[in-house]
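Work through the exercises below with the sequence and the model open. Each task is followed by a solution in steps.

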Amino acid sequence: MVWTVSSDTCATGRLSAPDNVAYDGYCREFVFRQPRDAAELGAVMSADSEEVFACYRFDGLDRWTSRSVAAWREDVEVVLGYARHALAATAEDPELQRCLGGYVSYIESEEFGQYIDALRAHLEALGRSGSVTLGHAEPLASDDGDSGAPNVDFKP
């Protein structure tokens, strides 16, 4: 998975990756849709190269468990409430309307629901039930460095 931490406020990410990056009301970037193919991954990597705070993270599923995905899904209305509020507050900014509108549309889409369901099932299949708190997942590796997990790529 690709995600971001606090970014600058230069609003450069969508120039490279408009299908994957959105901004909040302060033009801080975040990845709202995971890259679906090599071209989108390249676009997100290009957005990362423009970001002066090096805020993009490419650490796959390291921070996710099936429980944290389920908790995120249960609380998605909070995220949507924020995005809808930001949309109302930025009515005069067409770029923010496009990117936040795209974010809301994606989160409400069947595509996103299928993605989250597939991600949760994949993590369960790997035995990654773990904790609900992101960043505190139970470690996968044994003492010899072998995770014991099958070599399966997550492809929703």
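## Exercise 1: Positive phi

Ala11 is partly exposed, with a relative accessible area of 22%. The model is a predicted one.

Task: Find where Ala11 and Cys27 lie in the chain, and state the sign of phi for each.

Solution.
1. Ala11 sits in the loop that links β1 (2-4) to α1 (13-16).
2. Its phi is positive, about 55 degrees, although Ala11 is not a glycine.
3. Cys27 belongs to the loop between β2 and β3.
4. Phi of Cys27 is also positive, near 65 degrees, and this residue is other than glycine.
5. With a relative accessible area of 21%, Cys27 is partly exposed, because the partly exposed class starts at 20%.

## Exercise 2: Cysteines

Task: Count the disulfides and explain why Cys99 does not form one.

Solution.
1. A disulfide is a covalent bond between the sulfur atoms of two cysteines.
2. The cut-off for the sulfur pair is 2.5 Å.
3. For Cys99, the closest cysteine sulfur is that of Cys27, at 7.7 Å, so the two are too far apart for a bond.
4. The count of disulfides comes to zero.
5. As for accessibility, Cys99 is buried at 0%, and Cys55 is buried with a relative accessible area of 0%.

## Exercise 3: The two sides of α4

Task: Compare the end-to-end span of α4 with the expected one, then decide which residues are buried and which are exposed on the face turned away from them.

Solution.
1. α4 has 14 residues, which at 1.5 Å a residue should span 20 Å.
2. The end C-alpha atoms of α4 are 20 Å apart, so the span agrees with the expected value.
3. The buried residues in α4 include Val76, Leu80, Ala83, Ala86 and Leu87.
4. These cover an arc of only 125 degrees around the axis, and therefore lie on the same side of α4.
5. Turned away from that buried side is a face with the exposed residues Glu77, Val78, His85 and Ala88.
6. The packing partners of the buried residues of α4 are α3 and α5.

## Exercise 4: The largest nonpolar core

Task: Name the residues that touch the most other members of the largest nonpolar core, and the element that gives the most to this core.

Solution.
1. The largest nonpolar core holds 34 residues.
2. Tyr56, Tyr103, Ile107 and Leu119 touch the most other members.
3. Two or more residues each come from β2 (21-23), β3 (29-31), α2 (38-50), α4 (76-89), α5 (94-107) and α6 (110-125).
4. The most come from α5, which gives seven residues to this core.

## Exercise 5: Loop residues and distant partners

Task: For Arg63 and Val52, give the loop, the accessibility class and the C-alpha distance to a residue far off in sequence.

Solution.
1. Arg63 is placed in the loop between β4 (56-58) and α3 (66-74).
2. Its relative accessibility is 37%, so Arg63 counts as partly exposed.
3. The side chains of Arg63 and Asp59 are joined by a polar contact of 3.0 Å.
4. Met1 is 62 residues from Arg63 in sequence, and their C-alpha atoms are 9.2 Å apart in space.
5. Val52 lies in the loop between α2 and β4.
6. A relative accessible area of 63% makes Val52 exposed, since the exposed class is over 50%.
7. Ser7 is 45 residues from Val52 in sequence, with 7.8 Å between their C-alpha atoms.

Notes:
Residues numbered from 1 in each chain as written. Predicted model: local features only at pLDDT ≥ 70, side-chain atom pairs only at ≥ 80, totals over all residues. Heavy atoms only, no water. Core = buried A, V, L, I, M, F, W, Y, C linked by side-chain atoms within 4.5 Å. Buried < 20%, exposed > 50% of the residue type's maximum accessible area, 1.4 Å probe, protein only. Helix = DSSP H or I, 4+ residues; strand = E, 2+ residues; numbered from the N terminus. Polar contact = N/O pair within 3.5 Å; in protein donor to acceptor, adjacent residues only side chain to side chain. Expected span 1.5 Å × (residues − 1). Arc of directions from axis to C-beta. Contact = heavy atoms within 4.5 Å.
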